[in-house]
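Reader: I am new to this structure and would like a friendly walk through it. Could we take it one question at a time?

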Amino acid sequence: MSASLIDPGQSLASLLIAVPTLAPHLAAHGVDIGCSGHRPAGELCARAGVDWDSVARWAEEATLAPRRSCPCARTADMTLPELITHIIEYHHRRVEIMLDQLRPETVRWANSASTTGPSLKRLAWGLVAFANQVRDHFLREQTHAFRPLLKLAKTNANPPFGLSHPAIGHPLALLFLDHDHVFDSFGSILSLLEQDALREPSGALGAQVRSGLGDLGNELQQMMHEENNLLFALGLGLERARALGEALPVSPRQLDRGLLAAFSELRAYRVAGGRPEQ
């Protein structure tokens with residue numbers, strides 16, 4: 001990454017969205033998004049004694065590393081543990097950073113707008129509630145999906161319930177439904193932008209919020225695509241292969257026809273509200 005692509009004048013939050021791998025480097029020097037994500041990154045680094053040349057070098061190293069700052073293009077070839085690590089360290093972190101940046105921007109927009117109608121206030125409070133919902137969702141994913149999937153990847157035992165009642169299908173179906181709820185909530189937030197009071201441009205802050213919500217929506221779509229279409233399908237395909245005594249798929253790309261069968265099974269669970277169909 002060219003040093004010109006990162007600017008000491010940009011906010012710390014926007015810098016970490018662009019180059020999320022900078023977070024551990026900066027955190028080691030006490031530069032953290034939690035308290036001052038809206039402040040210029042160069043200012044915060046200077047206060048912490050971190051020169052900007054070092055930041056530019058870390059950003060450059062991120063793009064030269066074999067595992068690039070956004071390795072989404074090769075997720076179809078990742079193993080199950082690699083996929084989970086990628087989703088947590090890349091997508092979960094980016095979504096949390098985006099939300100941390102959007103919430104104060106929306107509040108400032110509401111406070112600075114010449115006419116603070118109920119739609120703008122609902123948008124500000126709705127974003128706070130959505131951020132809490134997303135963090136709860138991440139916790140449920142790690143507890144009810146990622147841990148069982150990692151356990152499945154490590155065990156050599158056959159699934160306990162056979163093909164008709166796969167052990168991994170129930171928690172994955174619940175998370176599939178949870179994804180729907182997250183998207184429904186995000187759609188409700190976007191619908192507020194179509195209210196008459198917010199439809200017209202509202203200055204720089206309003207443009208920032210609109211742009212940030214667009215970026216957040218794209219990030220959520222990419223993250224949930226990788227979870228629904230790659231990670232969850234691989235987990236079901238792995239369990240199915242063990243039950244049938246077939247060769248175990250290493251990555252989503254190896255599922256082929258098994259991918260369709262796995263999705264058929266997952267959708268059946270989803271229709272049944274996360275319960276095996278009788």
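Reader: What percentage of the residues in the protein is buried?
Author: Keep in mind that this is a predicted model. A residue counts as buried when its relative accessible area is under 20%. The protein has 278 residues, and the buried part of them comes to 45%.

Reader: How many helices and how many strands does the secondary structure hold?
Author: Reading along the sequence, you meet the pattern α-α-α-α-α-α-α-α-α-α-α. The count is therefore zero strands and, for the helices, 11.

Reader: Among contacts between residues at least 6 apart in sequence, what percentage joins residues at least 24 apart?
Author: Contact here means heavy atoms within 4.5 Å. Among the contacts between residues at least 6 apart in sequence, those joining residues at least 24 apart make up 76%.

Reader: What share of the exposed area do carbon and sulfur atoms supply?
Author: The area that the protein exposes is about 13,800 Å². Of this, carbon and sulfur atoms supply 54%.

Reader: Which helix gives the most to the largest nonpolar core?
Author: That core has 44 residues, and Leu123, Phe130, Leu213, Leu216 and Leu231 have the most contacts inside it. At least two of its residues come from each of α6 (80–112), α7, α8 and α10 (203–244). With 13 residues, the helix that gives the most is α10.

Reader: How many residues does the second, separate core have?
Author: Leu22, Val31, Cys45 and Val50 are included in this separate core. Its number of residues is 19.

Reader: The structure holds one aromatic pair; is it stacked, edge-to-face or tilted?
Author: The rings belong to Phe130 and Phe186, and their centres are 5.6 Å apart. Planes under 30 degrees apart would count as stacked and those over 60 as edge-to-face. The planes of this pair stand at 40°, so the pair is tilted.

Reader: Which helices hold Phe130 and Phe186?
Author: The two residues are 56 residues apart, so you can look for them in distant parts of the chain. Phe130 is in the helix of residues 118–154, α7, while Phe186 is in the helix of residues 169–192, α8.

Reader: Is Phe130 buried or exposed?
Author: Leaving aside residues up to four places away in sequence, Phe130 touches Leu99, Val182, Ser185, Phe186, Ile189, Leu216 and Leu220. Its partner Phe186 has a relative accessible area of 4% and is buried. Phe130 has a relative accessibility of 1%, so Phe130 counts as buried.

Reader: What distance does α8 reach from its first C-alpha to its last?
Author: α8 has 24 residues, and at 1.5 Å a residue the expected value is 34 Å. The buried residues of α8 include Val182, Phe186 and Ile189. From first C-alpha to last, α8 comes close to the expected value, reaching 35 Å.

Reader: How many salt bridges does the structure hold?
Author: Side chains of opposite charge can pair when their charged atoms come close. One of these pairs is Glu43 with Arg47, at 2.9 Å from N to O. The structure's salt bridges number six.

Reader: By about how many helical turns are Glu43 and Arg47 separated?
Author: Glu43 is partly exposed at 26% relative accessibility, and Arg47 is exposed at 63%. An α-helix has 3.6 residues a turn, so residues three or four places apart point the same way. Because Glu43 and Arg47 are four residues apart in helix α4, their separation is about one helical turn.

Reader: Which residue forms a salt bridge with Arg253?
Author: The closest N and O atoms of this pair are 2.6 Å apart. Arg253 is in the loop between α10 and α11, and its partner, 176 residues apart from it, is in the loop between α5 and α6. Arg253 is partly exposed at 48%, and the partner is partly exposed at 41%. That partner is Asp77.

Reader: Which residues do salt bridges that share partners join into one network?
Author: The side chains of Arg135 and Asp100 meet at 2.8 Å, N to O. Arg135 lies in helix α7 and Asp100 in helix α6, so this pair ties together parts 35 residues apart in sequence. Salt bridges with shared partners give one network of Asp100, Arg103 and Arg135.

Technical notes
Residues numbered from 1 in each chain as written. Predicted model: local features only at pLDDT ≥ 70, side-chain atom pairs only at ≥ 80, totals over all residues. Heavy atoms only, no water. Buried < 20%, exposed > 50% of the residue type's maximum accessible area, 1.4 Å probe, protein only. Areas by Shrake-Rupley, 256 points an atom, 1.4 Å probe, with all protein chains shown as cover. Phe/Tyr/Trp six-rings, centres within 6.5 Å; stacked < 30°, edge-to-face > 60°. Core = buried A, V, L, I, M, F, W, Y, C linked by side-chain atoms within 4.5 Å. Salt bridge = Lys/Arg side-chain N within 4 Å of Asp/Glu carboxyl O. Expected span 1.5 Å × (residues − 1).
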